[in-house]
Amino acid sequence: MNLPRLGLMLAALLALAACGEEGWHGKSIEGLMPELEFRLTSETGETVTEQVFEGRPVAMYFGFTHCPDICPATLARLVAAVRRLPEPQQERLQLAFVSVDPERDGPEQLRDYTDAFSERMLGLTGTQKQLKTLTRRYRTTYGYEERREDGSYEVSHSSAIFVFDADLEPRLMLLDSLGVAEIAADLERLLQ
Amino acid sequence: MSEFLVFFVPWEFSWLVQISVWGALLLYFNGLRNSASGELPGYGPVIGFVLGVVLMYLVTQTRFDYWSQYMFFVHRGQHLVLHHLAPFLIALAMPAPVLARGIPQPVRAWFAERRRLRATWVAVYRWLQQPAIACVLFVGLIAFWLTPEIHFDAMLNVTLYWIMNWSMALDGLLFWWLMFEHGKRGITPRLGYGTRVLLLFAVMVPQIVIGASITFADANWFEVYAVCGRAWPLDPMTDQQIGGLITWIPAAMMSVIGALVILRFWIYDDAARHAANPAGAEPEPGHTTQRS
């Protein structure tokens, strides 16, 4: 990173510390992280990259389909928020669910899971290496618990939804403390 | 690869850390090699210096760094090492003369000719080493990086993360260097021993306040660890409380240990002064060491 850019970032950070979050309900991550980039397997079984979103804004969430409560609750809130958006905005926004549990989440399993939430939600997963590269790029992690006797296991993962704009630049982190109305307000503002 | 070896794979490889750590060790050992037998430090300083540098390496270039990024209390432990323990050991070893002897002769000659560079460096260094500024920096950096919004961004951005860790390590070196300045005079200002003990107390109190506030907070202040996923399942409040305790107790203890070290300097100097000048007038404390 070159010096002027570093200086700008530090200045932005100080400004942020001085006057708080510029009115977003979520957390603005503009300039903090690199643009979206990945190579994963989609719910259709094809290998895809970030180009699969064709220059549309994306709301992305990391989870696993066997997730008992957090994932379904978060995805349900996201989908409910999207339904509150004006029609053209709804059409533009792409939803993505990245499973960090590739062992149990094959393409078919992913397709059934994401379709249950929204037809605009794309299921993605990949090898451990591909997933680690992506989660690490966004400074998040995941891990597996010991297997129980019935073979099931818990997966720890990020609790936030990452929102990228049409240029695939990271813009917002929607924390799991946000309600449907707050998510909808942030998304509407971002998509304008 | 075995679990043990995996620990030593850097989570985020940094050329800057690698070069600094290996460079410092190389310079130091070269300096020892170039030292006349009368100039050699004892075993204590050598072990202290190496241990300090190795500790800095271990908390930034191993699996420990991964846990520090995804667990608040490990992060507090990382900063305890970077800002307190490792710089404490390094500064106490007083490695400057040995390191200087480790620099190859042509490089030393080149630097000796750069008078303006040296004058600027000395001016900046002395300005940073004023007692009030040293204290404000020492406590201010802890408070700054623990401000929840700033902490959040620092954990999300790689560059900020490194700036945070470097600032802690460099400030730790500055502060403890100022505290343990003794022996042959260099460019570090020599404060009176009483002043130093007072400064150690002055930085201890706010650290206790910060640590206790985190320990007893009834809300989760550092949400970023939930957002990014924890390294292993641990209750967020437990994580925060252990982190608060680490910020509070061992950090404050370092002030106490530092004060004991300074008292020891003080007693030795007094004894030396009385031995040299049994009936003489009392010179100012902390300014008693003769140029040897």
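At what angle do the axes of helix α10 (residues 148-156) of chain B and α11(B) cross, and within what distance do they come? In this predicted model, the axes of these two helices come within 5 Å and cross at roughly 115 degrees. Since angles from 65 to 115 degrees count as roughly perpendicular, α10(B) and α11(B) are therefore described as roughly perpendicular to each other. Where they meet, Asp153(B), Ala154(B), Met155(B) and Leu156(B) of α10(B) are in contact with Val158(B), Leu160(B), Tyr161(B) and Met164(B) of α11(B). Sorted by class, this contact holds seven nonpolar residues, no polar ones and one charged residue.

The helix α11(B), which spans residues 158-179 of chain B, also packs with α5(B), at an angle of about 35 degrees and with the two axes 8 Å apart. In this pair, α5(B) passes α11(B) in a right-handed crossing. From α5(B) the contact includes His75(B), His79(B), His83(B), His84(B) and Phe88(B), while from α11(B) it includes Tyr161(B), Met164(B), Met168(B), Trp176(B) and Trp177(B). The residues of this contact divide into 12 nonpolar, seven polar and one charged. Tyr161(B) and Met164(B) are thus worth finding in the structure, as they meet α10(B) and are also among the residues that meet α5(B).

Another pair of helices in chain B can be followed in the same way. Helix α2 (residues 15-34) and helix α3 (residues 43-60) of chain B pack at an angle of about 170 degrees, with their axes 10 Å apart. That angle makes α2(B) roughly antiparallel to α3(B), and the crossing of the two is left-handed. On the side of α2(B), the residues in contact include Val17(B), Val21(B), Trp22(B), Leu25(B) and Phe29(B), and on the side of α3(B) they include Pro45(B), Val46(B), Phe49(B), Val50(B) and Tyr57(B). By class, this contact has 14 nonpolar residues, two polar ones and no charged ones.

We can now turn from helix contacts to enclosed spaces. There are two cavities of 30 Å³ or more, and the largest has a volume of about 60 Å³. Which helix gives the most to the lining of the largest cavity? It is α5(B), with five residues, although α14 (236-276) of chain B, like α5 (72-92), supplies at least two. Among the lining residues are Arg76(B), His79(B), Leu80(B), His83(B) and His84(B), together with Met168(B), Ile246(B) and Thr247(B). Of these, His79(B), His83(B), His84(B) and Met168(B) also belong to the contact of α5(B) with α11(B). The lining as a whole is made up of five nonpolar, five polar and one charged residue.

The second largest cavity has a volume of about 30 Å³, and residues of both chain A and chain B line it, including Lys132(A), Arg136(A), Tyr142(A), Trp11(B) and Tyr70(B). Helix α5 (residues 128-137) of chain A provides the largest share of this lining, namely three residues. Its classes are three nonpolar, three polar and two charged residues.

Finally, chain A offers a loop residue to look at. Ser152(A) lies in the loop between β7 (143-144) and β8 (155-156) of chain A. Leaving aside residues up to four places away in sequence, Ser152(A) touches Arg104(A), Glu146(A) and Arg147(A). Pro88(A) is 64 residues from Ser152(A) along the chain, and the C-alpha atoms of these two residues are separated by 41 Å.

Methods
Residues numbered from 1 in each chain as written. Chains lettered and ligands numbered in written order. Predicted model: local features only at pLDDT ≥ 70, side-chain atom pairs only at ≥ 80, totals over all residues. Heavy atoms only, no water. 1 Å grid on protein atoms, 1.4 Å probe; cavity = no way out; pocket = protein on both sides within 12 Å on 5 of 7 lines; lining within 4 Å. Points joined across faces, edges and corners; volume = space filled by probe spheres on them. Helix = DSSP H or I, 4+ residues; strand = E, 2+ residues; numbered from the N terminus. Nonpolar A, V, L, I, M, F, W, Y, C, P; charged D, E, K, R; others polar. Axes fitted to C-alpha atoms, helices over the stretch in contact; angles between N-to-C directions. Left-handed = near helix turned anticlockwise from the far one by under 90°. Contact = heavy atoms within 4.5 Å. Parallel < 35°, antiparallel > 145°, perpendicular 65-115°, else oblique.
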